[in-house]
Structure formats: C-alpha cells, structure tokens
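Hi everyone, and thanks for making time. I'd like to walk you through a structure that is new to most of us, so please have a look at it on the screen.

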Amino acid sequence: MNGLSSAGPTTIMDLPDDCVIFIFQRLCSAFAREAFGLTCRRWLHIQNISRRSLMFQCSFTHLEISSLSK
C-alpha cells in the first residue's frame with residue numbers, strides 16, 4: 001500500500017485543526033481573516049477561537065444627571 005486512502009485525494013479539509021489555525025494566523029490582511037470564517041462552520045469556529053480581541057461599534061450619549069429626575 002502507498003498510504004493513500006481509497007476515498008480520494010487529500011484536501012485541506014483533511015488537515016487537523018492545529019494546521020488550519022497555523023494557516024489562519026499567517027493571513028496578512030484583516031479582509032482575508034474575516035473571509036476565512038465564511039468558508040464553513042469549522043473554519044468559523046477556528047476563526048473565533050483564534051481571536052485576540054473583539055471590536056464593537058457603539059456610541060454613548062452623555063446624560064445629564066438632572067435629566068434623569070424628570
């Protein structure tokens with residue numbers, strides 16, 4: 001036997017998560033990292049566990065204390 005399975009050629013989906021995480025960490029652009037998670041649920045999970053920070057777009061309104069008592 002030559003070590004190849006009879007199911008067909010090896011694809012990137014056959015790689016263990018550790019290898020896919022390594023590939024994800026080497027992506028240079030933020031756009032590529034965001035698009036990575038759109039590939040499939042497994043890659044989205046890898047993208048989520050590899051995050052180092054979260055960004056939220058929000059705004060705060062300054063409230064006057066006197067306006068709360070009205």
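I'll begin with the chain as a whole, then go through its helices, its aromatic rings, its salt bridge and its surface.

One thing to say up front: what you see is a predicted model. So please keep in mind that the values I quote are computed from that model.

Let's get our bearings. How many helices and strands does the chain have? There are four helices and zero strands. If you trace the chain from the N terminus, the elements read α-α-α-α. The chain has 70 residues, and 13% of them are buried. As for contacts, take those with a separation of 6 or more: 42% of them are between residues 24 or more positions apart. On the outside, the chain exposes about 6,600 Å², and 61% of that comes from carbon and sulfur atoms.

Now let's turn to helix 3, which spans residues 41–50. Which of its residues are buried? They are Trp43, Ile46, Gln47 and Ser50. Looking down the axis of helix 3, you would see these buried residues fall within an arc of 100°, so they line one face of the helix. Swing around to the other side of helix 3 and you meet Arg41 and Ile49, which are exposed. And what covers the buried residues of helix 3? The cover includes helix 1, residues 17–25, and helix 2, residues 30–36.

Two C-alpha distances are handy while we are here. Asp18 sits in helix 1 and, with 63% relative accessibility, is exposed, because the cut-off for exposed is over 50%. Asp18 and Ile46 are 28 residues apart in sequence, while their C-alpha atoms are 9.2 Å apart in space. The other distance starts from Asn48, also a residue of helix 3, which is partly exposed at 42% relative accessibility. Between the C-alpha atoms of Asn48 and Gly37 there are 8.1 Å, and along the chain these two residues are 11 residues apart.

Next, the aromatic rings. The count comes to two aromatic pairs. One is formed by Phe24 and Phe36: the pair is tilted, with 4.7 Å centre to centre and 50° between the planes. This pair links distant parts of the chain, since Phe24 belongs to helix 1 and Phe36 to helix 2, 12 residues apart. Are Phe24 and Phe36 buried or exposed? Both are buried. Then comes the pair of Phe36 and Trp43, which is stacked, at 4.7 Å centre to centre with 15° between the planes. Phe36 and Trp43 are both buried as well. Put together, Phe24, Phe36 and Trp43 make one aromatic cluster. You may remember Trp43 from the list of buried residues in helix 3.

On to charges. A search of the whole structure turns up one salt bridge. Which side chains meet in it? Those of Arg42 and Asp17, at 2.8 Å from N to O. Arg42 is in helix 3 and Asp17 is in helix 1, so the pair ties together parts that are 25 residues apart in sequence. Neither partner counts as buried, because buried means under 20% relative accessible area: Arg42 is partly exposed at 23%, and Asp17 is partly exposed at 35%.

Last stop, the surface. Which residues make the nonpolar surface patch of about 340 Å²? They are Ile12, Met13, Phe22 and Ile23. Met13 comes from the segment before helix 1 and is partly exposed, with a relative accessible area of 41%. Ile23, in contrast, is placed in helix 1, and its relative accessibility of 34% makes it partly exposed too. If we leave aside neighbours within four places in sequence, Ile23 is in contact with Ile12 and Leu15. Ile12, as we just saw, belongs to the patch as well.

To wrap up: helix 3 has its buried residues along one face, with helix 1 and helix 2 included in the cover. Phe24, Phe36 and Trp43 form an aromatic cluster, and Arg42 and Asp17 form a salt bridge. Thanks for listening, everyone!

Key. Residues are numbered from 1 along each chain as its sequence is written. This is a predicted model: local features need pLDDT of at least 70, side-chain atom pairs count only at pLDDT 80 or more; totals for chains, interfaces and linings use all residues. Side-chain values use heavy atoms; hydrogens and water are left out. Buried means under 20% relative accessible area, exposed over 50%, partly exposed in between (1.4 Å probe, protein chains only). Helices (H or I, at least four residues) and strands (E, at least two) are DSSP runs, numbered from the N terminus. The arc is that of the directions from the helix axis to the C-beta atoms. Contact means heavy atoms within 4.5 Å. A salt bridge is a side-chain nitrogen of Lys or Arg within 4 Å of a carboxyl oxygen of Asp or Glu. Patches are made of residues with over 30% relative accessible area and no salt bridge: like charges are joined within 9 Å, nonpolar side chains (Val, Leu, Ile, Met, Phe, Trp, Tyr) within 5 Å. Accessible areas come from the Shrake-Rupley method with a 1.4 Å probe; for residues, only the protein chains shown count as cover. Rings of Phe, Tyr and Trp (its six-membered ring) pair if their centres lie within 6.5 Å; planes under 30 degrees apart count as stacked, over 60 as edge-to-face and the rest as tilted.
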